[in-house]
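Let's take a walk through this model together, starting with its sheets and ending at its ligand. Please have the sequence and the 3D view open as you read.

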Amino acid sequence: MRFITGLAFVLLVTGQAFAQKSLLPALVQKNGHYSLIVDGKPFFVLGGQVHNSSAWPKMMPAVWRSAAILKLNTLEIPIYWEQMEPQSGKFDFSFVNTLLQQSRQHRVKLVLLWFGTWKNGSNHYMPEWMKRDAARYPNITDKNGQPVDSPSPHANATLRADIKAFKALMSYLAQTDQQHQVIMVQVENESGSWGSVRDYSPEAQKLFAGPVPGKLLEPGLLRALNVPLVTAGTWMEVFGDRADEYFQAWYTASFIGQVAAAGKSVYPLPLYTNAALRDPLTNPTANNYESGGPTDNVIPIWKATAPALDLVAPDIYLSGSERILKVLDLYNRPENALFVPELGLSEERAKYLFEVIARGGIGFSPFGIDDNGTVETAAQTAKRLAPFAMEYATLEPLINMLARQATEGKISSVVEHDDHADQTINLGSWQLILKFGGDGRANAAPLYTPEATGKLLVVKLGDNKFMLIGSRCHVTFKPNGNNAGRAWQYLKVEEGAYSHGDFKATRILNGDETDWGGPGFSDKPTILQVSLVVR
Ligand code: DGJ
C-alpha cells in the first residue's frame with residue numbers, strides 16, 4: 001500500500017481544487033480578442049434556443065431531437081422564475097437537475113436563460129405570489145398615469161426577490177454542476193419597456209427631477225454618449241431629449257447588474273443579457289423600440305452600471321444585410337465580446353454565422369429549434385432546420401479551431417448583400433474576387449436567390465495557402481501586393497472535410513471545376529484547401 005505524505009496530500013488537494021477552478025467556463029480577453037474558454041479550451045457556441053414554453057420535462061424529447069438534427073454543441077434554454085420558486089423562498093430545482101443530467105447524456109453544453117423580472121419587457125415569468133401583490137412588486141406607470149405591462153426598475157422588493165432567486169439558482173449550479181455543463185447564464189430576457197419610455201410613478205418622478213448619479217457623469221461615458229461634458233445636473237439638463245430613455249436604461253441596467261453581481265458572487269460563470277434591437281441605421285427615438293434595454297445607443301450606460309455582466313448581446317430579428325452587419329459591428333467592441341444568443345430561424349440569416357466567427361465572436365444561436373408541441377415529423381424538423389444544420393455539420397469538427405484562428409486575425413469572411421454585388425477580400429499578397437449566386441459550377445451564370453445566401457469564410461494558412469468554406473459563390477484569386485502583376489496558377493485545389501482536427505481531402509478539383517477563373521461553391525457548404533504558386 002502506498003502512503004501519501006502530508007505535503008503530497010496538500011498538493012493533491014490544492015491541485016484538484018485548482019483543476020476544478022481552472023475548468024470553470026470563462027470569458028477571457030487577450031491582445032484585444034475575446035475567447036470563451038470551456039473545459040480549458042477556446043469554444044464557440046454553435047447554439048440553438050428552444051421556444052419559450054419548451055423548458056418542461058415532457059417537452060425535452062422533442063428538444064433533444066431537434067438539437068441532434070441541428071448538431072448544436074450548446075442548448076439555450078430558459079429557467080422560469082414561476083417554475084423555480086412557486087412559493088416565496090421555496091425553491092424547486094428539479095427541472096435544473098433534469099437538464100443537467102440530460103445535457104451530460106447528450107454531451108451538449110447549456111446556456112441557461114434566467115426568465116426573472118423581465119421577459120420581453122414584461123413581468124410575465126414572475127411567480128404567482130408576486131403577480132398577486134402588485135403593490136409590493138409594481139409595474140411602471142406611463143405619462144398619463146396609466147399602468148404599463150412592464151416591471152418597475154425602481155422596485156426594491158422586486159430587486160431583493162430577484163437577487164434571492166438568482167443567487168439560489170447559481171448556488172445550486174455551483175454545488176451540482178461539477179462537469180460544467182452550464183457554460184453561461186443569461187440574466188433576464190430582453191429587458192426594458194414597451195408602451196412607455198420610462199416610469200412616471202411619483203417615486204420615479206422624484207428620482208428623475210434629482211441629480212444624475214456621479215458615475216454617469218464621468219467624462220469618458222459622456223463622450224461615448226455624445227453628450228457635452230458637465231459635472232452636475234438633472235437628467236433633463238444633462239441629457240435633453242434622450243433623458244427619459246437614459247434614465248430608464250440606467251435604472252434597468254443597475255437592477256440587472258445587481259442581480260448578476262449577486263449570482264456571480266456565489267458562482268462566477270460568464271453572464272450576459274440580451275437586447276431587443278432598435279434600427280441600427282436611423283437613430284430612432286425610444287418610443288419606437290423597447291426602452292432601457294441594452295440597445296446599441298446605451299451600451300456605454302450598461303457597461304458603466306452593470307460590470308458583473310460580461311457582455312450585452314443582440315437578438316437579431318431584423319432583416320437586410322446592411323442592418324444586420326451594422327448590428328454585428330455595434331456589438332463587437334473592445335469592451336464587449338460579440339455573441340448572438342438569438343436570431344430568427346430563417347434561411348437568409350444562417351450566413352451571418354460566418355461573420356460572427358470572422359469577427360472573433362463567441363457564439364451564434366437561432367431561436368425556436370424545437371417543434372413547440374406541434375406534431376412535426378423528424379423529416380419536417382430536418383427541413384425546417386436545414387439552412388443552419390448544413391452549416392453546423394460542416395463547421396462543427398473545426399469550430400473551436402476557427403475560434404482560435406479568429407483571435408489570431410487569420411480569418412476573413414463575406415456574405416452576399418441584398419444587392420448581390422461582387423465583393424473582394426484583401427489577403428495581402430492575394431486578392432479574392434467573389435461573385436454570388438450560381439449553382440456551384442465554376443462557369444455557371446449567376447442565379448441569385450432572393451434570400452441572398454452566398455457566403456465565404458477564408459482562413460489564411462500560409463502566404464500562398466488558404467482554406468475556403470463557402471456556399472453559393474464563385475471565387476477568383478488575383479495576385480496582389482508584392483505578387484501584383486506576376487504570373488501564377490493554382491498549385492492544388494482540394495475539396496474535403498475536417499476530422500479530429502485534420503483536413504482530409506476527398507478529391508482534387510481541376511479542369512472545369514477551377515479553370516473558369518477559380519472554384520465555385522454550390523448550395524451545400526463546402527471546404528476547399530487552396531494552394532497557389534507564382535511563376
Ligand atoms: C425574442 C425573445 O427574446 C424570445 O424569448 C422570443 O420571445 C422571441 N423574441 C420571439 O418569438
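## The six-stranded sheet

In what order do the six strands of the open sheet with antiparallel pairing lie? Keeping in mind that this is a predicted model, the order reads β15-β18-β19-β24-β21-β22. At the edges you will find β15 (411-415) and β22 (502-509); each has a single partner strand, so one side of each is left without a neighbour in the sheet. From one strand to the next, the twist averages 30 degrees.

For a look inside the sheet, try β19 (residues 465-471) and β24 (residues 526-534), an antiparallel pair joined by six bridges. Within this pairing, Lys 465 stands opposite Ser 531 of β24. In general, strands of a sheet pair through backbone hydrogen bonds, in either a parallel or an antiparallel way.

## The three-stranded sheet

Another open sheet has three strands, in the order β1-β2-β3, again with antiparallel pairing. Here β1 (26-30) and β3 (41-43) are the edge strands, and each pairs on one side only. The twist in this sheet averages 55 degrees from one strand to the next.

Strand β1 is joined to β2 (residues 33-38) by five bridges, and the two run antiparallel. If you want a landmark in β2, look for Ile 37, which has Ala 26 opposite.

## A helix that meets both sheets

Which strands does helix α15 touch in the six-stranded sheet? Helix α15 (residues 399-407) packs on that sheet with contacts to β15, β18 (455-462), β19 and β21 (488-499). Its direction makes about 70 degrees with that of β18.

The three-stranded sheet meets this helix as well: α15 lies across β2 and β3. Relative to β2, helix α15 runs at about 150 degrees.

## Around the ligand

Now to the ligand, whose surroundings are formed by Asn 52, Lys 119, Asn 120, Asn 189, Glu 190, Asp 315, Tyr 317, Glu 342 and Phe 367. By character, this shell divides into four charged, three polar and two nonpolar residues.

Several side chains bring polar atoms to oxygen atoms of the ligand. For Asn 189, an N or O atom of the side chain is 2.8 Å from a ligand oxygen. Asn 52 has a polar side-chain atom 2.9 Å from an oxygen atom of the ligand, and for Lys 119 the corresponding distance is 3.0 Å. On its own, the ligand has 290 Å² of accessible area, and the protein covers 76% of that.

Methods. Residues are numbered from 1 along each chain as its sequence is written. This is a predicted model: local features need pLDDT of at least 70, side-chain atom pairs count only at pLDDT 80 or more; totals for chains, interfaces and linings use all residues. Side-chain values use heavy atoms; hydrogens and water are left out. A residue is near a molecule or strand if one of its heavy atoms lies within 4 Å of it. A polar contact is a pair of N or O atoms within 3.5 Å; within protein, one must be able to donate a hydrogen and the other to accept it, and residues adjacent in sequence count only if both atoms are side-chain atoms. Accessible areas come from the Shrake-Rupley method with a 1.4 Å probe; for residues, only the protein chains shown count as cover. Ala, Val, Leu, Ile, Met, Phe, Trp, Tyr, Cys and Pro count as nonpolar, Asp, Glu, Lys and Arg as charged, and the others, Gly among them, as polar. Two strands pair if DSSP finds at least two bridges between them. Helices (H or I, at least four residues) and strands (E, at least two) are DSSP runs, numbered from the N terminus. Axes are lines fitted to C-alpha atoms, for helices over the stretch in contact, and angles run from 0 to 180 degrees between N-to-C directions. Contact means heavy atoms within 4.5 Å.
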